[in-house]
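Q: Before we look at anything in detail, could you show me how to read enclosed space and annotated positions in a model like this?

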Amino acid sequence: MTNKNRLTTSWGAPVGDNQNSMTAGSRGPTLIQDVHLLEKLAHFNRERVPERVVHAKGAGAHGFFEVTNDVSNYTKADFLSEVGKRTPLFVRFSTVAGENGSADTVRDPRGFAVKFYTEEGNYDLVGNNTPVFFIRDAIKFPDFIHTQKRDPKTHLKNPTAVWDFWSLSPESLHQVTILMSDRGIPATLRHMHGFGSHTFKWVNKEGEGVWIKYHFKTEQGVANLAPDAAAKIAGENPDYHTEDLFNAIEEGDFPAWKLYVQIMPLEDANTYRFDPFDVTKVWSQKDYPLIEVGKMVLDRNPENYFAEVEQATFSPGTLVPGIDVSPDKMLQGRLFAYSDAHRYRVGANHQALPINRPRNEVKNYQRDGQMRFDNNGGGSVYYEPNSFGGPQESPENKQAAYPVYGVADSVAYDHSDHYTQAGDLYRLMTDAERTRLVNNIVEAMKPVEKEEIMLRQIQHFFKADPEYGRKVAEGLGLPLPQETR
């Protein structure tokens, strides 16, 4: 009887023996003519694509987004056009600094990337579980990430490099305070908020724009891990968060988040007390209250981790009509860096992979490239403009303009107050939360090799709040710097 479920080679031929190599006799050398063996070994050697430089360790799930509040006055984005509209999506959560095999429960920000498969193309909202970031200009990003990775000599993590960079980059203080607080180690991926972090621009059908910030609020409630519990779990089950997300969805306990936005009139950007494009700062919710947009639910696990989670590619430049970017210097750098990382890591045709492929038809003149696995445009016209009815631009979908001020130069943000918001956050904490924050910082700074680095960082804490700096100094057994006494 013929086997209808036959094992085949990669070129589709049936395999007659998958247990024994072809050899010259029972003890003879293996034959090069065993092309099935050669293909298996060669493919095995190439099964890994380069891991992400950052956000290497992650977990993902499918779900949907449903609009629950009419925001069509602010944006013409089709997937946000009416209450009740549902859009399929895929989410990837991740740690930032660790390698692909690192533990889930380390103290680290978490990536929070959402791919909306809209009827007008994909929209990627690529954020974190924090509303701010360590730096505000992309030119500093490679240096920052170098401090989070391994020392090139020892191949060990280097706390001295971490705190040296932070102490020399006072704009990091707000994010450092969040990272070292209880929120630095989420209990699960389901029990944390998500943020777009950057400022984006919404544009409505009349061409009117507003600045916006995204907030995903977990409906499971926020829960965090104490450092000792996190360390214990990291040793016993380094894939704890990955497992928790998978099991929750598999058991029908679908995690959900409410999406809100803050909306700022365009003209307010010129007068607000903090630069609204500075990603190390937040907008006060008293000034710009949260406005509900919709609900995100994750209800389906991936069928194959590599195909769906590892090959998923996200970029803040993956936009749809009605959603634009802002002059945020960090965001501007990410528009290039993220897509370029995917072209290197997965390939020039990464957008055509099933997990990244838009649900609507793609029509363009991009051809060829490594691993082009569709019909490559067939025999259709391959340039533009043309006289053969090829796809044409739609002027109504041109990105809206915004005014640019000043001259082309290497300029910093106007505002250099890196202390007010970090101090406000410290003063919002309870006494117990402050104690844990200080203890986390002290433990993280103890291995730093140079006292001058610790004293420089203590100055930043002191400027944010005198008690904040004093308690860290006391915990490290160091005197307060002269100018702070």
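A: Let us begin with a term: helices and strands are DSSP runs, numbered from the N terminus. Keep in mind throughout that this is a predicted model.

Q: How is empty space found, and how many cavities of 30 Å³ or more are there here?

A: Rolling a probe the size of a water molecule over the atoms shows where empty space is left. In this model the count comes to five cavities of 30 Å³ or more, and the largest cavity holds about 70 Å³ of space.

Q: Which elements supply at least two residues each to the lining of the largest cavity?

A: Strand E1 (58-67), strand E2 (86-95) and helix H6 (240-250) each do so, with E2 giving the most, three residues. The lining includes Lys57, Phe93, Asp104 and His241, and its residues divide into three nonpolar, five polar and three charged.

Q: Where does UniProt place the feature "active site"?

A: The unreviewed UniProt entry places this feature at His55 and Asn128. These positions span 74 residues in sequence, yet no two of their C-alpha atoms are more than 10.4 Å apart, so they gather at one spot.

Q: Is each of these residues buried or exposed, and what does histidine 55 touch?

A: Since buried means under 20% relative accessible area, histidine 55 is buried at 15%, and asparagine 128 is buried at 10%. Histidine 55 lies in the loop between helix H1 (35-45) and E1, whereas asparagine 128 lies in strand E4 (residues 121-128). Leaving aside residues up to four places away in sequence, histidine 55 touches several residues, among them Arg92, Ser94, Asn128 and Tyr338.

Technical notes
Residues numbered from 1 in each chain as written. Predicted model: local features only at pLDDT ≥ 70, side-chain atom pairs only at ≥ 80, totals over all residues. Heavy atoms only, no water. 1 Å grid on protein atoms, 1.4 Å probe; cavity = no way out; pocket = protein on both sides within 12 Å on 5 of 7 lines; lining within 4 Å. Points joined across faces, edges and corners; volume = space filled by probe spheres on them. Helix = DSSP H or I, 4+ residues; strand = E, 2+ residues; numbered from the N terminus. Nonpolar A, V, L, I, M, F, W, Y, C, P; charged D, E, K, R; others polar. UniProt positions renumbered as here; feature names shortened; annotations may be inferred. Buried < 20%, exposed > 50% of the residue type's maximum accessible area, 1.4 Å probe, protein only. Contact = heavy atoms within 4.5 Å.
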